[in-house]
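Colleague: I've got the model open and I'd like to learn how to read its features properly. Could you walk me through it?

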Amino acid sequence: MMNVLSTLITPEKGGKQPVYLQIANQLMSLIKNGTLQSGYRLLSTRQLSAILNVHRRTVVQAYDELLAQGWLESQTGNGTFVARNLPDLRPLPLPVEIAADRDPLKKAGFGFEKPAHLDRAVLKAGWRLHLDDGFPDPRLAPLEDLSRAYRSQLLHGNAYTRLGYGETSGTSWLRQELSVHLNETRGLKTSSANILIVRGMIMGMYLACTSLVKPGDCVVTDSPGWFGASMNFAQAGADICHVPVDEHGMDVDALEELCQKRRVRMVYVTSHHQYPTTVALRPDRRIKLLQLADKHGFVIFEDDYDYDFHYLSKPLLPLFGADQAGMVLYCGSFTKTISPAFRVGYLVGPEDVIAHLASLRRIIDRQGDTMLENAIAELLQTGVIQRHLRKSVRVYKQRRDLFCELLKTELPDHISFDIPDGGMAVWARFDPAIDIPRLAERAAQKDLYFSNGKVAGYPAQFRNYIRLGFASSDPGELEESIKIIRDLI
């Protein structure tokens with residue numbers, strides 16, 4: 001066995017892991033796979049050190065490590081043994097066809113369900129050119145200001161408080177500054193108690209669905225709509241119902257007919273710039289939607305993903321500000337303001353619901369990034385974000401105008417669209433003769449990304465519609481992107 005151990009235990013001197021740990025881990029593996037059986041008497045530390053050509057103290061450390069973990073046991077005057085209380089670790093022989101395919105790092109030994117609604121590709125940045133779903137340009141973001149504020153929060157103040165556990169609802173400073181900001185810009189009347197800080201809108205929706213929606217509940221979303229919302233509803237076990245969208249937003253008359261037939265628990269709406277069509281919910285429909293919620297008792301989840309980016313007159317105010325019955329949860333984020341990488345959003349609602357969702361958030365994600373939240377609070381307090389938004393609106397409006405002009409002049413026979421009043425994308429209809437997935441594939445080969453339309457899951461009548469984002473590209477990039485599409489078509 002002495003010669004065998006010299007081949008089974010092969011520590012690497014000068015490696016990243018200490019030699020004694022290498023010996024201990026390799027001995028542990030021999031015990032686990034049944035090579036060294038329970039009760040087996042190990043070589044003395046002097047013998048093993050001689051075989052391995054290492055210092056005896058190294059082997060003593062390795063044995064001590066395994067003794068402490070319970071893999072070995074020592075008998076004074078008799079030696080060191082593989083622990084006798086271990087079960088029979090001899091591996092059972094596997095059928096050849098199973099053994100060949102058995103890799104525990106790749107495939108679990110237990111079964112689990114993979115719901116169809118989770119089987120969607122995740123968009124990742126990776127193309128030089130992009131007409132994306134409507135993302136901001138991170139080159140415009142106030143990153144230097146944010147860096148200074150983050151560093152300040154990281155280094156200054158009471159370390160125990162600053163770097164310890166905080167409130168599950170988010171830092172009080174950010175909630176206070178957000179309350180002021182939302183009240184000033186959106187006509188709300190909130191306090192910090194009405195605000196829960198979340199890691200983006202999707203987390204706010206997940207919390208709301210998990211807490212407020214039960215399996216079998218009817219949840220309404222518009223059609224076409226955002227697949228991310230439907231994924232959350234499906235995950236909660238909801239019965240998803242769809243109402244159509246026209247040029248004035250969600251058809252609330254169709255919603256009313258649905259409410260007369262069955263009990264609705266929640267209605268998801270993107271009232272400011274409907275996703276994906278970009279149209280705004282008309283004022284009379286807003287009023288009726290609030291009345292229906294009060295009458296039928298359903299929750300309105302208002303996703304206001306790009307309120308700040310409106311290019312005409314003052315934008316319509318959120319439904320939450322006109323809600324007199326406490327039926328609206330209002331959600332937004334800094335994804336469009338700064339960049340998707342900074343996962344800070346906010347969920348606004350009645351105090352009792354916010355407190356309840358904060359308690360749920362505790363068991364999902366104990367708290368957010370305290371440093372980042374306070375850094376953003378500082379930028380709100382000093383007006384950096386407000387100035388950045390004013391600048392961004394001007395830049396994105398110029399890009400929208402240029403992009404729409406390029407679509408009209410370069411692709412007049414292939415794409416039709418309405419100029420959006422706000423937001424960061426154009427809802428474009430391609431000629432039915434154009435194979436969008438194939439076009440997107442060929443464009444990707446030229447380092448240009450845009451959606452192939454498949455992941456969105458739009459109804460059949462919107463098969464050749466896609467969103468083309470313009471905000472994240474500068475004028476030169478927009479011109480180059482349209483030229484690529486024109487040449488491919």
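Modeller: Start with the labels: helices (H or I, at least four residues) and strands (E, at least two) are DSSP runs, numbered from the N terminus. It's a predicted model, so local features need pLDDT of at least 70 and side-chain atom pairs pLDDT 80 or more, while totals for chains, interfaces and linings use all residues. Residues count from 1 along each chain as its sequence is written, and side-chain values use heavy atoms, leaving out hydrogens and water.

Colleague: Which elements supply at least two residues each to the lining of the second largest pocket?

Modeller: Those are β6, β12 (415-417) and β13 (425-430). On a 1 Å grid over the protein atoms alone, a pocket is an open set of points with protein on both sides within 12 Å along at least five of seven lines, a cavity is a set where a 1.4 Å probe fits but cannot get out, and lining residues have an atom within 4 Å of a point. This pocket's volume is about 420 Å³ (the space filled by probe spheres set on the points, which are joined across faces, edges and corners). Its lining has 17 residues, with Glu247, Thr277, Val279, Asp418 and Trp427 nearest the centre.

Colleague: And how many cavities of 30 Å³ or more are there?

Modeller: The count is 3. About 60 Å³ lies in the largest one, whose lining includes Asp304, Tyr305, Asp306, Lys336 and Tyr346. The second largest comes to about 50 Å³; Leu178, His181, Ile385 and Leu389 are among its lining residues. Helices α8 (172-186) and α16 (384-410) each give at least two residues to that second lining, and α8 has the largest share, with 3. Arg186 turns up in the lining of the largest cavity and in that of the second largest.

Colleague: How do I read the sheet: what is the strand order?

Modeller: Two strands pair if DSSP finds at least two bridges between them. Here you get an open sheet of 8 strands, ordered β4-β11-β10-β9-β8-β5-β6-β7, with mixed pairing. β4 (195-198) and β7 (249-250) sit at the edges with a single partner strand each, so one side of each has no neighbour in the sheet. Further in, β5 (residues 218-223) runs parallel to β8 (residues 264-269), joined by 3 bridges, and Cys218 has Val264 as its bridge partner.

Colleague: Is β10 paired parallel or antiparallel with β9?

Modeller: Parallel, over 4 bridges, including the one that partners Asp303 with Cys331. On β10's other pairing, 4 bridges join it to β11 (residues 345-348) in the antiparallel sense, and Gly332 stands opposite Tyr346.

Colleague: Why is β10 largely enclosed by the rest of the structure?

Modeller: Because 6 of its 6 residues are buried (under 20% relative accessible area with a 1.4 Å probe, protein chains only; over 50% is exposed, in between is partly exposed). Both faces are covered, with Val328, Tyr330 and Gly332 buried on one side and Leu329, Cys331 and Ser333 on the other.

Colleague: What about a single residue: is Leu360 buried or exposed?

Modeller: Leu360 has 15% relative accessibility, so it counts as buried. It belongs to helix α14 (residues 351-361). Skipping neighbours within four places in sequence, Leu360 contacts Leu207, Thr210 and Ser211 (contact is heavy atoms within 4.5 Å). Thr210 is 150 residues away along the chain, yet the C-alpha atoms of Leu360 and Thr210 are separated by 8.8 Å.
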